[in-house]
Amino acid sequence: MHDLAPICALGGADPAIDTLAGVTLAEFPDLALASVSARQGSEEACRAQLKDLLNSAAPKPGRAVLNDPEAAFWIGPDQWMVSAPYASHADLTGQLKSRFQDTASITEQTDGWVCFDLRGDRVDEVIRLCANIDIDQMQTGDAVRSVVHYMGVYILRLDPANALRIFGPRSSAKSLHHALMTAMGAAL
Amino acid sequence: MSQKNRLDGGLIDRSEAFSFRFDNQYYKGHKGDTLASALLANDVRLMGRSFKYHRPRGVMTAGSEEPNAMVELRDGARKEPNTRATTAELFDGLRAESQNRWPSLAFDAMEVNDLLSSFFAAGFYYKTFMWPAAFWEKIYEPIIRRAAGLGSLSTQDDPDGYDKGFLHCDLLIIGGGPAGLAAALTAGESGARVIFADEDFLIGGRLNLESDAIGGMSGAAWAAEMVARLEAMPNVRVMPRTTVMGAFDHGVYGAVERVSDHLKVPQDGKPRQILWRITSKRAILCAGATERPIVFENNDRPGIMQASAIRAYANRWAVTPAQQVAIFTNNDDGHRTASDLMAKGVEVVSVIDTRADAPASSDYDVIAGGVIDQTWGRLGLTQIEVKMPKGGIRRIKCGALGVSGGWNPNVHLTCHQRGRPVWNDTIAAFVPGGTMPMGMTVAGAANGVFSTHGALTSGADAAKGVLSDLGLTAKTPPLPEAEDAPARITPFWHVKTAKRAWVDQQNDVTAKDIKLAHQENFRSVEHLKRYTTLGMATDQGKTSNIAGLAIMAEVAGKSIPEVGTTMFRPPYTPTAMGVFAGRAWGTETRPTRLTPSHRWAEEQGAVFTEAGLWLRAQWFPKPGETHWRESCDREVLQTRKSVGICDVTSLGKIDVQGADAAAFLNMVYCNGFAKLPVGKVRYGLMLREDGIVMDDGTAARLAEDHFVVTTTTGNAVGVYRHMEFVRQCLCPDMDVQLISTTEAWAQFAVAGPNSRALLRKIVDDGFDLSNAAFPFMACAEVTICGGLRARLFRISFSGELAYEIAVPTRYGDALIRRLMDAGKEFDVAPYGLEALNVMRIEKGHATANELNGTTTALNLGMGRMVSKKKDSIGSVLSERPGLNEDDALKLVGLKPVDPENPVPAGAHLMTKGTKVTAANDQGYVTSACYSPNLGHHIALGFLKAGDARLGEVIRLVSPLTGVNHDVEVVSAHFLDPEGERLRA
């Protein structure tokens, strides 16, 4: 077992958690991520593997499958992002490579992203000041690609629906956190 | 001071008294007042000075179309010039100053301009200040700018925040008058998602300004009841204080919500304003109409106002501008003002109606067929002179004159996508027509329907039409009974005998100016606007354009629609620059990207620089080092002597996988990759289609079907986009998958003769780092520090024995600390971008300075890398003769003949003995530095046929910076040209 200590995207040993007017913005580092891209000619086989993994058909454009422990959302044609708890899936990429074999290209994405969970009854008001998405129409299991303050993000509606998961570029975690906190201050 | 002009009634809250200051004088007002209504209540009619002639001016309107009553609102850093007193909501402690006057509003020295008006006619700038030309910039323009103008800026940072937001709806309703309310009720009760926006803080439009009953109650009470109903609907978002200021493509509208403008200071964390981007399926414009003035002699004195504005002030704000009021009208609406004022107890001294068949009244005096001939009162109206229909002049004392020239529908948003309105003879005004923004319909007065009943009906009908389009079933709420008077008007634009009659009060444009423009052949309406400035500035001619068009039509012998309108453009009303920036200002103007070692580097006191969005350490100053060169030189020497570490995470990393991954790289790189063995790295050069170099980097083959490509920091996104384009559009049959992994891995360069020894301390046992087992350009997946997975590359940008080691980003901070700790025995040094740059110049490695978008592989001395054995992007066009001439630029090294001289980047190279001219230019310097290893300055540059001129002494010149000395052309590889160090 190695002896290097990880840090969170915002730089702390522990995730940052901020609460304002009943809405909590929490950094969520306990998540392993890997992209799954179907190999040409193996699209159906890849989907079959995903279905087996998720206990559900591969998510369609704009959608996520919020399964436990593995979840996934659509990120491009025949391309998905799979997530799982980091504690149990630190080598998610290796696990998926073993499962998918030559049906898909698997790329580690765990530390490419900072993950924020935004929870509270008024999260929609915060998002209206952040991203050009029709948040009122967003249902649990929807996953959209958008932009927050010039940063590309994925936003997922979780279950229960008063929780949103936001993936942004890890190197810009502070800027994204600032944007979300500013929006919380303005909206709540 | 008492509010001597305050009347009974109104919609103000008399239980809340506010104190405010205007030009060092304190006054009282009430909640619900605007600054204008409160000033009028306190008998203040003089509120500003005109733009050019500094004539005394008062408030003319009661809305956002106001041309005159502009003030500097608030003070200190929050001072906001050119704010309309008619829309500034009164709050306790409000501060306002009049503007464009000196030393005071009542006595303005610049009023002398008015006496010199004959010199300042339309286009006087272009005629008067022609000679001498050199005087324009230094003398004329500064004088003109000081004399003319609007308010002044605080020149301090705005302390308040602004924001942007995004809303989506089925139906956007713009305007909260009777048409908008009827549309919102119909759509809201039918289940549509509705956004209902109005620029006023009290929604209701003219229902709040009129005395007519609606459904058995006052218009204001009915409006309030309906707004309350709408606010209770979960599918309706009611947005007061929100101006929809632009109609854009695909049903997108821009709207500014003034969240905190009515407060002295915004609440903590709350923005001053929000710019909403509203995406709508449909929109109904219910923007109402604007009453237009009639042009007559000295029609700009304080107290001369829109008749409808005087009525509005009396009904809504319980204020009259004076105790004796006269009315000048060409339509029935002027008479409504007279009746309402009478009902409020204000003395109406006369109604002068230009129509010979004007309706008579038993309540007030009517002069049918009369016109205003002259007005009097220097700082405020005291008397008017009426030319009687049967001849003669009648003088009437009054403090205010309400003018009604008819109503213009507010068509602006219908024209924001180059649509043009059409003329309607019945109301003598332009109405919406032609091509309108997609999904927009118009209702109420904005569509030329002026009665309250008509507005209610047309609003409801417009909503029904929208609901039908959207597939929703319309539920029609019952509409109340309301007045349905016809609009009776006989157009009358201006009194032709007038000499100084103001068409555009904001820009001091007179009827005479318009005639002059026509006389001087500025006959297009767009030319008229620019020559005279008619319709420019903050009010955009909302009250003036139509009279200008009418006068232009008259002198041109055309009809008004033949003259046409100028182009309408967003924003509809003045919009603060801050709200366009939103929260993107200061250090948050754009996002920042931080490297994994950023926090550690901060602790070391690193100085950072921007590289794209990244912040990278530039150098790490040690105690006692006072100049960046000292730090940089030390870092270079320490690295070349022992070992140095640099965070190189910011270089782009693209994961390339698939059965055809090697074939794909063969296509995007000009050199070959098909035969690169697994476990090896190769330098690659990427060309644009035109044969110019796009980027360089490395590709490491981790498996037969798996590569990791690196790019330069600045080009990471561009290269990824290019590769996606190639994958999707040029090579769709290839089995290849791409994804960025730049941020997923923290990567550090470990360079110097002791780099291997240092890495041996952290790479786990069992992995052989010897030169034989892991030679130059090898790569492998390893574990470090007892089991952490890592990627190791033996590549070198510095020219030293060097490695790059990558770990999952969350461990980057721990790794840099571990490397520094383990490197203590080797006197390890962290190095920044400056040292990195020095070392790569010493080695002759190209970077963005050399890959500058104009250079080819041949220029870079890498012409042979462009493989002829395969097809790759850019390879064919790189063979164009023009790119391959004998004297093509070649990368060379340059060193000064006199070692004390620098070789600055940007300087040009000239053959000795030739004149310094562009024609004799031989090349230029791209990168330069002081080499602490060589003890003098060195540089890289491009020189014509440079590879054949090694040893030549050549002139280095920079006429801009005074550089002119000799340099020697040498190999670009200043250090270790055989590469023995990096292969050690």
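## Long-range contacts and overall build of chain B

In this predicted model, residues 24 or more positions apart account for 66% of the chain B contacts that have a separation of 6 or more. Chain B has 984 residues, of which 54% are buried. Its secondary structure comprises 21 helices and 50 strands. Taken along the principal axes, the C-alpha atoms of chain B fill a box of roughly 115 × 70 × 55 Å.

## Nonpolar cores

The largest nonpolar core contains 114 residues. Within this core, the residues with the most contacts are B:V656, B:L665, B:F748, B:A749, B:V750 and B:L815. Once residues up to four places away in sequence are set aside, B:F748 touches B:I645, B:C646, B:D647 and B:V648, and also B:E804, B:I805, B:L815, B:I816 and B:L819. B:L815 thus appears both among the residues with the most contacts inside the core and among the partners of B:F748.

A second core, separate from the largest one, has 89 residues and includes B:L46, B:A322, B:I546 and B:M552.

## Helix α11 of chain B and its surroundings

Helix α11(B) covers residues 525–532, and its buried residues are B:V525, B:L528, B:K529, B:Y531 and B:T532. These buried residues pack against four elements of chain B: β30 (509–510), α10 (511–519), α12 (545–556) and α13 (560–563). The helix is followed by B:T533, which has a positive phi, near 70°.

How do the axes of α10(B) and α11(B) cross? They come within 10 Å of each other, at an angle of roughly 120°, and the two helices are therefore oblique to each other. The crossing in which α10(B) passes α11(B) is right-handed. On the α10(B) side the contact is made by B:D513, B:I514 and B:A517, and on the α11(B) side by B:L528, B:Y531 and B:T532. By class, the contact has 4 nonpolar, 1 polar and 1 charged residues. The three contributors from α11(B) are also listed among the buried residues of that helix.

## Helices α5 and α6 of chain B

Two packed helices are described by the angle between their axes and the distance between the axes. For α5 (residues 178–189) and α6 (residues 219–231) of chain B, the axes come within 10 Å and cross at roughly 30°. Angles under 35 degrees count as roughly parallel, so α5(B) and α6(B) are roughly parallel to each other. The crossing of α5(B) past α6(B) is left-handed.

At this contact, B:L181, B:A184, B:L185 and B:G188 of α5(B) meet B:A223, B:M226, B:R229 and B:L230 of α6(B). The residues divide into 6 nonpolar, 1 polar and 1 charged.

## Contact between chains A and B

How many residues does each chain bring to the contact? Chain A supplies 38 residues and chain B supplies 40. On the side of chain A that touches chain B, the elements giving two or more residues are β3 (31–38), β7 (104–108) and α5 (173–187) of chain A. Of these, α5(A) gives the most, with 6 residues. By class, this side of chain A has 11 nonpolar, 18 polar and 9 charged residues.

## Selected positions outside helices and strands

B:A77 lies in the loop between β5 (70–73) and β6 (80–84) of chain B. Is B:A77 buried or exposed? B:A77 counts as exposed, because 12 C-beta neighbours lie inside 10 Å. Leaving aside neighbours within four places in sequence, B:A77 is in contact with B:S154, B:Q156, B:D157, B:D158 and B:P159. For B:A77 and B:P159, 82 residues apart in sequence, the C-alpha to C-alpha distance is 6.7 Å.

B:P571 is located in the loop between α13 and α14 (577–581) of chain B. With 17 C-beta neighbours inside 10 Å, B:P571 counts as partly exposed. Apart from residues up to four places away in sequence, B:P571 touches B:M245 and B:G246. B:P571 and B:V256 are 315 residues apart in sequence, with 9.9 Å between their C-alpha atoms.

B:P977 belongs to the segment after β50 (963–970) of chain B. B:P977 is partly exposed, since 13 other C-beta atoms lie within 10 Å. A distance of 72 Å separates the C-alpha atoms of B:P977 and B:V194, which are 783 residues apart along the chain.

Key
Residues numbered from 1 in each chain as written. Chains lettered and ligands numbered in written order. Predicted model: local features only at pLDDT ≥ 70, side-chain atom pairs only at ≥ 80, totals over all residues. Buried ≥ 20, exposed ≤ 12 C-beta atoms within 10 Å, placed from the backbone. Contact = placed C-beta atoms within 7 Å. Nonpolar A, V, L, I, M, F, W, Y, C, P; charged D, E, K, R; others polar. Core = buried A, V, L, I, M, F, W, Y, C linked by C-beta atoms within 7 Å. Axes fitted to C-alpha atoms, helices over the stretch in contact; angles between N-to-C directions. Parallel < 35°, antiparallel > 145°, perpendicular 65-115°, else oblique. Left-handed = near helix turned anticlockwise from the far one by under 90°.
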